[in-house]
Amino acid sequence: MKAPSTSANLGSGFDVVAVAHDAYFAEAYASVGSGCGVHVKFKGFDPGSDNTVTRAFVRLFDILGICRGVEVEVVNNIPVARGLGSSGASAVAALAAFLREAGMKVDPRIVVEAAGHGEAAAAGSPHFDNVAGAALGGAVVITSLNPLDFVKFSPRLTFVVGVPDVPPTPNKTKLMREVLPKSVDFKTYVKQISRVAALVAGFARSDPALVARGMADEVVEPARAPHVPGYSRVRKYVMEAGALAVAISGAGPAVVALVNEKEADAVRSAVLRAYAEEGIKAEAKVAQIAEGALET
Ligand SMILES: Nc1ncnc2c1ncn2[C@@H]1O[C@H](COP(=O)(O)OP(=O)(O)O)[C@@H](O)[C@H]1O
Ligand SMILES: N[C@@H](CCOP(=O)(O)O)C(=O)O
């Protein structure tokens, strides 16, 4: 099964918003046998024995009250530790592959809950945005954390994803969660919820201008931007090239710009030019909203 890359947060929607895009995909293959226990083989990046996939299966079996003998192979083509939901997508793809092989249909919320808890292996704490996007596709808004629930939208949005080729930071997402402020003042809180409202309204109306308004953020981004290589130059150049908005993709270092189709190529070139002037090798892709692993 395939699970798409995702850009979580999208500015103001920290931990509750993610978009799935066709920039990259993680794939997983599963076989189900007798016995009880999961063996995971990673092709490419191997995170080790305590990984999001294994933890997601433990949580899934616990929720369902079952145990199966499962062999899983993960082929993850989503750049690791770049802010593209790589660890979450590998867990979602693996769970989806298992469920298909086992002939099981479960509530998508169970898959998202299991994979979201698996994220603690990568981020230090569970978060459900990336995995909801990877599972459902489209633009997903977490509407309740306990009990977990979410709403999927299918807006027609085009992005440019810029991925700097920098050494992956161990525990990157965990470290980028530790730099966040512990509180915000009330005036900032009100501005931020209006931005999240703009994200949701923009998804519902498929209105890029509204989504762009919601991609502004004055809480998470200022805390993280200093740790994102080349971000201020990339931000400047993509907006000059006609992007509607730009944000750190997830916990970074990748960036995600929202564009109109007609400016997509110019914005992609601007991303590459900015990184080149920073002396950073990078990749940039024009990406569309993608379907999720549970949709295919
Ligand atoms: N499947 C995984 N299980 C556990 N840790 C992972 C997994 N994939 C990556 N990691 C580690 O978790 C951190 C964040 O990586 P990752 O989740 O891939 O970032 P992102 O979600 O931004 O793509 C990195 O330190 C990486 O080494
Ligand atoms: N909401 C999380 C999203 C992390 O996304 P990732 O793609 O960097 O794992 C956060 O911002 O910490």
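This report describes a predicted model of a protein with two ligands, taking the annotated domains, one sheet, the ligand sites and some backbone features in turn.

**Annotated domains**

Two domain features come from the UniProt record, both from an unreviewed entry. The feature "domain: GHMP kinase N-terminal" is listed there for residues 51–138. In the model this span is 60% helix and 9% strand, and its end C-alpha atoms are 26 Å apart. UniProt also places "domain: GHMP kinase C-terminal" at residues 200–275. Here helix makes up 53% of the span and strand 12%, with 31 Å between the end C-alpha atoms.

**The four-stranded sheet**

Four strands form an open sheet in the order β8-β9-β7-β10, and their pairing is antiparallel. The edges are held by β8 (245–248) and β10 (282–288); each has a single partner strand, so one side of each lacks a neighbour in the sheet. On average, neighbouring strands of this sheet are turned by 20 degrees against each other, direction ignored.

Within the sheet, strand β7 (residues 158–164) pairs with strand β9 (residues 255–259) through five bridges in the antiparallel sense. In this pairing T158 is opposite V259 of β9. Two helices pack on the sheet. Helix α10 (residues 231–240) touches β8 and β9, and its direction is at about 160 degrees to that of β8. Helix α11 (residues 264–277) touches β7, β9 and β10, and its direction makes about 160 degrees with that of β10.

**Ligand sites**

Around ligand 1 there are 20 residues, of which G83, S86, S87, N171 and K172 come nearest. Ligand 2 is surrounded by 16 residues, and the closest are N9, D15, D129, K172 and R224. K172 is thus named among the nearest residues for ligand 1 and among the closest for ligand 2. The table gives polar contacts of both ligands.

| Residue and its atom | Ligand and its atom | Distance |
|---|---|---|
| T52, polar side-chain atom | ligand 1, nitrogen | 2.9 Å |
| S86, backbone N or O | ligand 1, oxygen | 2.9 Å |
| T169, polar backbone atom | ligand 1, oxygen | 3.3 Å |
| N9, side-chain N or O | ligand 2, oxygen | 2.7 Å |
| G85, backbone N or O | ligand 2, oxygen | 2.9 Å |
| K172, polar side-chain atom | ligand 2, oxygen | 2.7 Å |

How much of each ligand does the protein cover? On its own, ligand 1 has 530 Å² of accessible area, and the protein covers 91% of it. Ligand 2 taken alone exposes 340 Å², of which the protein buries 97%.

**Backbone features**

Most residues other than glycine have a negative phi, and most peptide bonds are trans. Against that background, three places in the model can be noted.

The peptide bond joining N146 and P147 is cis, with omega about 5 degrees. P147 is in the loop between β5 (139–145) and β6 (148–153). A cis peptide bond also runs from G252 to P253, where omega is near 0 degrees. P253 is found in the loop between β8 and β9, two strands that belong to the sheet described above.

D15 is not a glycine, yet its phi is positive, near 70 degrees. This residue belongs to strand β2 (residues 13–33), and D15 is also one of the residues closest to ligand 2.

Technical notes:
Residues numbered from 1 in each chain as written. Chains lettered and ligands numbered in written order. Predicted model: local features only at pLDDT ≥ 70, side-chain atom pairs only at ≥ 80, totals over all residues. Heavy atoms only, no water. Pairing = 2+ DSSP bridges. Axes fitted to C-alpha atoms, helices over the stretch in contact; angles between N-to-C directions. Contact = heavy atoms within 4.5 Å. UniProt positions renumbered as here; feature names shortened; annotations may be inferred. Near = heavy atom within 4 Å. Polar contact = N/O pair within 3.5 Å; in protein donor to acceptor, adjacent residues only side chain to side chain. Areas by Shrake-Rupley, 256 points an atom, 1.4 Å probe, with all protein chains shown as cover.
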